[in-house]
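Subject: Handing over the model

Hello,

I am passing this one on to you, and I hope you enjoy looking through it. Please have the viewer open while you read.

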Protein chains: 2
Amino acid sequence: MLPEPVMVRVKEEFLNYGGLGASVIEISHRAKDFVAIVDGTTSLFRELTGLPADYSVLFVAGGGRMQFSAVPLNLIGRSPSRKALYVETGVFAANAIKDAAPYGDIKVLASSRDTGFDRIPTIDPAAIDQDASYVHITTNNTVYGSRWNTFPETGAVPLVGDQTSEILSRVIDFSRFGVVYAGLQKNLGPSGSALVVIRKDLLGQALPVTPLLLNYASVDKGNSLVNTPSTFNIYVTWLVLQWLKEQGGVAAIEAVNEKKAKTVYDVIDASSFYKGVVQPEHRSRMNVTFHLPNEELLGLFLKGAGKAGLSSLKGYRDVGGVRASIYNAMPLEGAQALAAYMKEFERTNG
Amino acid sequence: MLPEPVMVRVKEEFLNYGGLGASVIEISHRAKDFVAIVDGTTSLFRELTGLPADYSVLFVAGGGRMQFSAVPLNLIGRSPSRKALYVETGVFAANAIKDAAPYGDIKVLASSRDTGFDRIPTIDPAAIDQDASYVHITTNNTVYGSRWNTFPETGAVPLVGDQTSEILSRVIDFSRFGVVYAGLQKNLGPSGSALVVIRKDLLGQALPVTPLLLNYASVDKGNSLVNTPSTFNIYVTWLVLQWLKEQGGVAAIEAVNEKKAKTVYDVIDASSFYKGVVQPEHRSRMNVTFHLPNEELLGLFLKGAGKAGLSSLKGYRDVGGVRASIYNAMPLEGAQALAAYMKEFERTNG
């Protein structure tokens with residue numbers, strides 16, 4: 001789901017971008033009009049996040065998952081140990097560990113697998129091997145519906161954060177991270193590309209086998225235009241960032257997101273019918289997950305929801321139950337409609 | 001440039017795809033409506049090309065250039081020699097050689113660099129080291145405007161063809177190739193993804209350091225949906241293939257392309273004012289390149305062309321002069337307008 005005004009604008013100017021008589025997907029990526037879009041997108045991202053000057057903003061081909069390979073390719077060689085520490089907090093965190101395996105000595109620093117990924121593990125700073133190349137966390141876990149409220153202290157070891165499912169949904173101190181990446185398709189734009197934020201001193205340490213277009217230093221040097229990138233994806237991201245600025249920026253959308261999440265969690269907390277998947281202190285604000293008493297009631301719940309215009313509520317196969325994704329583009333009314341439906345469903349079926 | 005009817009349809013259904021009440025860029029890549037698009041696209045590609053059954057059709061993140069890394073990552077390990085043979089016929093062929101370097105013993109089998117890339121070198125089949133993992137050619141050279149009319153005999157060594165700038169523009173016997181790849185943005189769709197055709201026996205030999213999403217076997221196994229791909233790009237490609245079928249298919253568009261190219265080359269051949277960059281027998285049908293007598297006349301030519309609505313004619317920086325790209329979506333009238341302008345310009349400035 002992308003913001004409605006953005007979608008309308010893409011449609012309106014699809015055949016004639018900026019009065020050029022051609023579509024934005026037809027102009028050359030080297031044309032000044034397109035370079036202006038790339039520059040406009042990165043500078044707006046900087047403005048919205050208050051990004052420190054010693055960080056670069058890149059667009060890289062492939063979604064978040066391509067970064068599961070790109071991160072070790074770019075960073076694992078920075079320490080002779082070729083050791084990287086991963087925190088396993090859900091499905092995508094586990095995939096990141098799996099995809100990193102060919103590149104070095106991948107250690108699971110902590111995991112909440114034993115408790116069904118119902119929490120974020122506590123990290124003892126003393127447990128961070130200072131010889132490691134980086135520490136990887138998934139700041140918001142889409143499938144289970146958990147998030148890191150505060151980020152672990154990793155000393156001189158760079159912290160890498162997969163923010164695919166929560167980027168720009170809350171105020172984050174980017175200086176806590178060496179690298180942040182996010183597939184575009186949750187809060188930024190269409191699928192198929194990722195945005196990467198990297199502290200500049202971490203550039204230039206990629207393994208020799210790193211594909212040119214996954215090498216952050218090459219992409220940085222070429223202003224994300226080394227080759228023809230997904231021009232449409234960058235353009236839509238630019239419009240989404242403009243929309244976000246019009247909403248008042250990240251702090252303003254965070255306040256709305258808190259309200260949306262609270263609206264749904266309050267129903268869960270007031271009920272003995274619905275059971276939240278995640279411990280309250282680790283709850284995601286983007287993905288609200290809960291179970292119903294049994295599979296039959298779950299089926300009824302999802303069917304009724306579909307009829308009421310509330311779609312895509314089925315939980316991921318590993319978890320089951322219900323998952324409500326309430327990304328930036330979802331208005332408060334969407335969360336309120338879900339909460340009302342939940343209450344009514346409990347009243348008639350509880 | 002994409003076909004006008006395709007662009008109009010994308011615009012029309014942008015906010016409501018197939019009556020679903022959501023944009024095609026908002027539906028899940030696992031939704032049955034999107035899987036139908038992927039399956040429809042690959043089966044239409046098979047139908048249009050008469051692709052043998054023992055080939056797979058894949059969508060891979062990144063454009064043609066990402067394949068410059070993906071090809072060696074997937075194929076160079078198939079021979080213990082880790083040797084690959086490349087034919088250097090232009091700018092992108094040279095970049096393919098450069099990007100492959102980290103993965104093995106990359107040999108330049110032949111090059112036309114010494115003659116300014118004005119031709120396709122002749123390949124002696126006896127010169128193909130049968131111990132090599134593959135032979136790589138660029139079937140159409142966008143920058144210099146040359147193409148391979150016939151493909152080299154490589155024996156048991158798989159031939160890999162970069163067809164980015166000519167795919168589906170002419171009838172090709174795909175069984176001559178082990179792998180064919182093409183960035184979408186010339187004849188297929190928007191930029192940022194590539195279509196890869198691979199003979200199935202070549203799957204499963206990737207180097208261990210191959211990123212999951214560049215591993216052709218993984219992408220094949222996942223039906224190009226291992227992760228969230230660029231759904232918009234696949235969707236537009238599907239529409240372009242439908243349009244191509246309506247035009248009568250590849251043989252029919254090839255006849256139009258021959259006519260378009262002849263229209264412009266005839267002006268060059270009848271003139272002592274314009275000089276073609278490439279020897280007549282190696283001329284591209286997609287990119288017509290020529291020089292004017294001097295830089296001053298070139299400047300006048302380009303300026304006048306822009307006023308006459310003929311844009312993007314400036315030659316690539318390595319070649320200079322004029323390059324007219326007449327991809328599938330360019331109608332015959334476009335080539336005729338260029339030819340008429342060239343004649344008139346020669347009459348008044350020659």
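Two residues are in contact when their C-beta atoms, placed from the backbone, lie within 7 Å. Please also keep in mind that this is a predicted model.

With that cut-off in hand, try B:Val179 as a starting point. Beyond its neighbours within four places in sequence, B:Val179 is in contact with B:Val71, B:Pro158, B:Val160, B:Val196, B:Val197, B:Ile198 and B:Leu202. B:Val179 is also one of the residues that touch the most other members of the largest nonpolar core, which has 151 residues. The others named there are A:Val60, A:Val179, A:Val196, B:Val60 and B:Val196.

**How the two chains meet**

How many residues of chain B are in contact with chain A? There are 39, and they meet 39 residues of chain A. On the side of chain B that touches chain A, the elements giving two or more residues are α1 (4-12), α3 (64-75) and α6 (231-246) of chain B. By class, the residues on that side of chain B are 20 nonpolar, 15 polar and four charged.

The symmetry is worth a look too. A turn of 180 degrees, with a shift of 0.0 Å along the axis, lays chain B on chain A with an RMSD of 0.0 Å. The two copies are therefore related as by a two-fold rotation axis. Of the interface residues of chain B, 100% are also interface residues in chain A, so the copies meet through the same surface.

One of the elements at this interface, α3(B), deserves a closer look. Its 12 residues should span 16 Å at 1.5 Å a residue, and the end C-alpha atoms of α3(B) are indeed 16 Å apart, so the two values agree. The helix α3(B) is mostly covered, with 12 of its 12 residues buried. Among them are B:Arg65, B:Gln67, B:Ser69 and B:Asn74, as well as B:Met66, B:Phe68, B:Val71 and B:Leu73.

**Two domains in chain A**

Chain A is divided into domain 1 (4-246) and domain 2 (250-349). The C-alpha centres of these domains of chain A lie 27 Å apart. Their contact takes 23 residues from domain 1 of chain A and 22 residues from domain 2 of chain A. On the domain 1 side, α2, β5 (140-141) and β6 (146-147) of chain A each supply at least two residues. That side of domain 1 of chain A has eight nonpolar, nine polar and six charged residues.

**Helix α7 and its surroundings**

Next, go to helix α7 (residues 250-269) of chain A. At 1.5 Å a residue, its 20 residues should span 28 Å, and the end C-alpha atoms are 27 Å apart, which agrees. Which residues of α7(A) are buried? They are A:Val250, A:Ile253, A:Asn257, A:Lys260, A:Ala261, A:Thr263, A:Val264, A:Tyr265, A:Val267 and A:Ile268. What covers them includes α2 (32-49), α6 (231-246), β10 (275-276), β11 (287-291), β12 (322-325) and α9 (332-349) of chain A.

A:Leu338, found in helix α9 of chain A, gives you one view of that packing. Leaving out residues up to four places away in sequence, A:Leu338 touches A:Val264, A:Leu310 and A:Ala324. A:Leu338 counts as buried because 23 C-beta neighbours lie inside 10 Å, where 20 or more are needed. From A:Leu338 to A:Ser230, 108 residues apart along the chain, the C-alpha separation is 35 Å.

Is A:Lys307 buried or exposed? This residue of helix α8 (residues 295-307) of chain A counts as exposed, because it has 9 C-beta neighbours inside 10 Å, and 12 or fewer is the limit for that class. A:Lys307 and A:Glu153 are 154 residues apart in sequence, and their C-alpha atoms are 47 Å apart in space.

**A backbone detail to check**

Most residues other than glycine have a negative phi. A:Leu168, which is not a glycine, has a positive phi of about 65 degrees. A:Leu168 is in the loop between β7 (159-162) and β8 (179-183) of chain A, and with 24 C-beta neighbours inside 10 Å it counts as buried. In chain B, phi of B:Leu168 is near 65 degrees, again a positive value. B:Leu168 is in the loop between β7 (159-162) and β8 (179-183) of chain B, and it is buried, with 24 other C-beta atoms within 10 Å.

Best wishes

How values were computed: Residues are numbered from 1 along each chain as its sequence is written. Chains are lettered from A and ligands numbered from 1 in the order in which they are written. This is a predicted model: local features need pLDDT of at least 70, side-chain atom pairs count only at pLDDT 80 or more; totals for chains, interfaces and linings use all residues. Helices (H or I, at least four residues) and strands (E, at least two) are DSSP runs, numbered from the N terminus. The expected span of a helix is 1.5 Å times one less than its number of residues. Ala, Val, Leu, Ile, Met, Phe, Trp, Tyr, Cys and Pro count as nonpolar, Asp, Glu, Lys and Arg as charged, and the others, Gly among them, as polar. Copies are superposed by least squares on the C-alpha atoms of residues with pLDDT of at least 70 in both. Domain bounds come from an automatic or database domain assignment. A nonpolar core is a set of buried Ala, Val, Leu, Ile, Met, Phe, Trp, Tyr and Cys residues joined through C-beta atoms within 7 Å.
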